[in-house]
Amino acid sequence: MEAPKTLAEAVVYFADADNALNYLAAKRWPNGVECPYCDAKEPMFLKSRRIWKCRATKCRKQFSVKVGTVLNESPIGLEKWLPVMWLVANCRNGVSSCEIARAIGVTQKTAWFMLHRIREAMQDKSATKLSGEVEVDESFIGGKARNMHRSKRERVITGNSGRDKAIAVGMVERGGNVRTAVVPTRRKHELQRHVRENVQAGSALFTDFLLSYEGLAPEYRHKVVDHAVEYVRGNVHTNTMENFWSLVKRQLHGTYISVEPFHLFRYLDEQSFRYNGRKLTDAERFAIVCSQVAGRRLTWDRLTGKDQPR
Ligand SMILES: [Zn+2]
């Protein structure tokens, strides 16, 4: 049987434990299986248990395909993990933890943790900067902050936007990729730092009129559209970035009923992943998620902020 091209095929294909293991192992270790503890190559495969044993005399550790990935220590089988990864990689408006919980028969809390681990694998870690024509725009994104612990709330919610909103800054290369970040403030140093870190000097930069963008002109060809006056002047507009924000808001309001600002960047990562892979097939987007599971971890404590000092 060939590798799946649709969700229905994926469910059938990955129900076979060998298919699931072989697929994920090939994406995770494109150059052959390596010990995640010591990097030794060609470990021994213990077929009956579907795990490997390192041959290095000083190591000899056993490991599954999940060790050292976002699936680390998860008791959920690959026959559930992989179809869920398929869904998140490809559903335009995302999938909620309630839907996942019902679909695969786990608790909502387990599904929520699974989804966040998958978002961790969707995070774009490429160092290539955006270039050409780049639009920059910030957006206030509503979070339901009322139930958060007060100290945490003060940490994640900011200044001039009212207490229920988080601020995100987005940069998009026209015809190319988008990058986003949740920022504590719209002040100049914060926004300009993100621009400089993500956009190649010399690029054409399109923003709305906000004093925080003033001063980028020496490094960029900076063009401003004043939204108090007009939305488009020739090619001077931020429509691409604004369209992305409406996708985000549709997902947050429709699928994910309440998102704490503390977790907002993960939802932005998810939406950015699908946007950046918009020219790919479902199978290709899914393959990218699988190839990015390794070398990343998301523990419950980090996800819930328990590992941070109060
Ligand atoms: Zn080893």
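**Exercise 1. Place Trp245 in this predicted model, decide whether the residue is buried or exposed, and list what it touches.**

Solution.
Step 1. Trp245 belongs to helix α8, which spans residues 239-254.
Step 2. The relative accessible area of Trp245 is 3%. The cut-off for buried is under 20%, so Trp245 is buried.
Step 3. Setting aside neighbours within four places in sequence, Trp245 contacts Asp137, Glu138, Ser139, Ile141, Ala168, Val169, Gly170, Thr180 and Leu268.
Step 4. One of these contacts, Val169, is 76 residues from Trp245 in sequence, and the two C-alpha atoms are 9.9 Å apart.

**Exercise 2. Describe the zinc site: which residues are the donors, how are they spaced along the chain, and what is the arrangement around the ion?**

Solution.
Step 1. The protein donors are the SG atoms of Cys35, Cys38, Cys54 and Cys59, lying 2.3 Å from the zinc ion.
Step 2. Along the chain, the donors of the zinc ion follow the spacing C-x2-C-x15-C-x4-C.
Step 3. Cys38 sits in the loop between α2 (17-28) and β1 (44-46), while Cys54 sits in the loop between β2 (51-53) and β3 (62-63), so this pair ties together parts that are 16 residues apart in sequence.
Step 4. The angles subtended by the 4 donor atoms run from 100 to 115 degrees. Four donors count as tetrahedral if all angles lie between 85 and 135 degrees, so the arrangement around the zinc ion is tetrahedral.
Step 5. Cys38 has a relative accessibility of 34% and counts as partly exposed, whereas Cys54, at 0%, is buried.

**Exercise 3. Asp39 and Arg60 have a positive phi without being glycine. Locate each residue and classify its exposure.**

Solution.
Step 1. As background, most residues other than glycine have a negative phi.
Step 2. Phi of Asp39 is about 70 degrees, and phi of Arg60 is near 60 degrees.
Step 3. Asp39 lies in the loop between α2 and β1. The loop between β2 and β3 holds Arg60.
Step 4. These are the loops that carry the zinc donors Cys38 and Cys54, respectively.
Step 5. With a relative accessibility of 52%, Asp39 counts as exposed. Arg60, at 39%, counts as partly exposed.

**Exercise 4. Work out how helices α3, α5 and α9 pack against one another.**

Solution.
Step 1. Take α5 (residues 108-122) and α9 (residues 261-276). Their axes come within 9 Å and cross at roughly 60 degrees. That angle makes α5 oblique to α9. The crossing of α5 past α9 is left-handed.
Step 2. On the α5 side, the residues in contact are Trp112, His116, Arg119, Glu120 and Met122; on the α9 side, they are His263, Arg266, Tyr267, Asp269, Glu270 and Phe273.
Step 3. Take α3 and α5. These helices pack at about 60 degrees with axes 10 Å apart, and α3 passes α5 in a right-handed crossing. Trp81, Val84, Met85, Val88 and Ala89 of α3 make the contact with Met114, Leu115, Arg117, Ile118 and Met122 of α5.
Step 4. Take α3 and α9. The axes lie 8 Å apart at an angle of about 75 degrees. Angles of 65 to 115 degrees count as roughly perpendicular, so α3 and α9 are roughly perpendicular to each other. Val88, Ala89 and Asn90 of α3 meet Glu270, Phe273 and Arg274 of α9.
Step 5. Look for residues that recur. Met122 of α5 takes part in the contact with α9 and in the contact with α3. Phe273 of α9 meets α5 and also α3.

**Exercise 5. Which residues of helix α10 are buried, and which helices are among those covering them?**

Solution.
Step 1. Helix α10 comprises residues 282-291, and its buried residues are Arg285, Phe286, Ala287, Val289 and Cys290.
Step 2. The cover over these buried residues includes α1 (7-14), α2, α3 (78-90), α5 and α9.

**Exercise 6. Compare the placement and exposure of Arg187 and Lys188, and find their sequence-distant partners.**

Solution.
Step 1. Arg187 is in the loop between β6 (178-183) and α7 (188-198), whereas Lys188 is in helix α7.
Step 2. Arg187 is exposed, with a relative accessible area of 57%. Lys188 is partly exposed, at 38%.
Step 3. From Arg187 to Leu210 there are 23 residues in sequence and 9.6 Å between C-alpha atoms. Lys188 and Tyr213 are 25 residues apart along the chain, with 6.4 Å between C-alpha atoms.
Step 4. Not counting residues up to four places away in sequence, Lys188 touches Leu211, Ser212 and Glu214.

Conventions. Residues numbered from 1 in each chain as written. Predicted model: local features only at pLDDT ≥ 70, side-chain atom pairs only at ≥ 80, totals over all residues. Heavy atoms only, no water. Donors = N, O, S within 2.8 Å, 3.2 Å for Na, K, Ca; no water. Tetrahedral: all angles 85-135°; square planar, octahedral: opposite > 155°, others 65-115°. Helix = DSSP H or I, 4+ residues; strand = E, 2+ residues; numbered from the N terminus. Buried < 20%, exposed > 50% of the residue type's maximum accessible area, 1.4 Å probe, protein only. Axes fitted to C-alpha atoms, helices over the stretch in contact; angles between N-to-C directions. Parallel < 35°, antiparallel > 145°, perpendicular 65-115°, else oblique. Left-handed = near helix turned anticlockwise from the far one by under 90°. Contact = heavy atoms within 4.5 Å.
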